[in-house]
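Work through these exercises with the model open beside you. Try each task before you read its solution.

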Amino acid sequence: LVSMLDVPARRSAENASDADTTEDITIRVVWLIEKSAQTKDIGETPGDLAKAIEALRKKTGIGELGMAAQLLVQSNAADGGNVTAAGTARLDDTRSAINYSGKVRSTGPDRYELQSTIEVRGLSFADEQSNTQCNLKTTCRLMAPGRPVILGTTPIESKASVFVVEILGK
């Protein structure tokens, strides 16, 4: 009886596509901003990003960076791979909301394509008015777990901001 019942399960597993067996992945988004624009409560650049960020600073002349916000979101590339995450950071007299949305697609073993949109909106404590501080849209192909990618840089309040995305390893 067991062998009869096990046959359909084996057959089903053999016919399953690679996409059906894709594991959940975690996407990390880090927003870094020049330290001269930050309040004392802003964190240091994560150590695992230091080498890539230092290389970027040397190429572009960006000042020392610190972490304004970090977002983590989980997705499954087989389920359409849509992801969203949001958070806030405080930069002096402004609250900033960071919104991330994207779509991840598996392109092979440990390889992904990631479409990303990042929007940062500022909200003044004084007058409660909202304004877009930056909007960044891009697609990264051949992303591999554990290899951070600098999505882009943009000024926010005249200070350089850097956005890094990484698919975390298993």
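Two strands pair if DSSP finds at least two bridges between them. Strands (E, at least two residues) and helices (H or I, at least four) are DSSP runs, numbered from the N terminus. By that rule, strand 1 and strand 9 pair: eight bridges join them, and they run antiparallel.

This is a predicted model: local features need pLDDT of at least 70, side-chain atom pairs count only at pLDDT 80 or more, and totals for chains, interfaces and linings use all residues. Residues are numbered from 1 along each chain as its sequence is written, and side-chain values use heavy atoms, with hydrogens and water left out.

**Exercise 1. Take stock of the chain**

Task: State how many helices and strands the protein chain has, and in what pattern they follow.

Solution.
- Step 1. Count the elements. The protein chain has two helices and nine strands.
- Step 2. Read along the sequence. The pattern is α-β-β-α-β-β-β-β-β-β-β.
- Step 3. Check burial. Buried means under 20% relative accessible area, exposed over 50%, and partly exposed in between (1.4 Å probe, protein chains only). Of the 170 residues in the protein chain, 39% are buried.
- Step 4. Check contact range. Contact means heavy atoms within 4.5 Å. Among contacts between residues at least 6 apart in sequence, 55% join residues at least 24 apart.

**Exercise 2. Lay out the open sheet**

Task: Find the order of the five strands in the open sheet, and say which strands stand at the edges.

Solution.
- Step 1. Recall the bonding. Strands of a sheet pair through backbone hydrogen bonds, either parallel or antiparallel.
- Step 2. Write the order. It is 2-3-1-9-8, and the pairing is antiparallel.
- Step 3. Mark the edges. Strand 2 and strand 8 each have a single partner strand, so one side of each is left without a neighbour in the sheet.
- Step 4. Follow the bridges. Two of them join strand 2 (residues 43–44) to strand 3, where Glu44 stands opposite Gly66. Eleven bridges link strand 1 and strand 3, again antiparallel. Val29 faces Leu71 of strand 3 there. On strand 9, Ile167 is the bridge partner of Ile27.
- Step 5. Add the helix. Helix 2 (residues 50–60) lies across strand 1, strand 3, strand 8 and strand 9. Its angle to strand 8 is about 50°, taken between N-to-C directions on a scale from 0 to 180 degrees, with axes fitted to C-alpha atoms (for helices, over the stretch in contact).
- Step 6. Ask why strand 3 counts as largely enclosed. Nine of its twelve residues are buried, so the rest of the structure largely encloses strand 3.

**Exercise 3. Find the cores**

Task: Identify which residues touch the most other members of the largest nonpolar core.

Solution.
- Step 1. Set the rule. A nonpolar core is a set of buried Ala, Val, Leu, Ile, Met, Phe, Trp, Tyr and Cys residues joined through side-chain atoms within 4.5 Å.
- Step 2. Pick the hubs. The largest core has 31 residues, and Ile27, Trp31, Tyr100 and Phe163 touch the most other members.
- Step 3. Trace the suppliers. Strands giving at least two residues each include strand 1 (24–34), strand 5 (94–108) and strand 7 (130–143). Strand 1 gives the largest share, five residues.
- Step 4. Look for another. A second, separate core of eleven residues includes Leu32, Leu56, Ala160 and Val164.

**Exercise 4. Inspect buried polar residues and cysteines**

Task: Decide whether Ser116 and Glu166 are buried or exposed.

Solution.
- Step 1. Place Ser116. It lies in strand 6 (residues 111–124).
- Step 2. Read its accessibility. Ser116 has 5%, so it is buried.
- Step 3. Find its partner. The side chains of Ser116 and Tyr100 make a polar contact at 2.9 Å (N or O atoms within 3.5 Å; within protein, one must be able to donate a hydrogen and the other to accept it, and residues adjacent in sequence count only if both atoms are side-chain atoms).
- Step 4. Turn to Glu166. Strand 9 (residues 159–168) holds it. At 6%, Glu166 is buried as well. Beyond four places in sequence, Glu166 touches residues including Arg28 and Arg147.
- Step 5. Check the cysteines. Cys134 is buried at 5%, and Cys140 is buried at 11%. The structure holds zero disulfides (cysteine sulfur atoms within 2.5 Å).

**Exercise 5. Spot positive phi**

Task: Say where Asp110 lies and what its phi is.

Solution.
- Step 1. Recall the background. Most residues other than glycine have a negative phi.
- Step 2. Examine Asp110. Its phi is near 55°, a positive value. Asp110 sits in the loop between strand 5 and strand 6, and is partly exposed at 40%.
- Step 3. Examine Leu142. Its phi is near 60°, also positive. Leu142 lies in strand 7 and is exposed at 65%.
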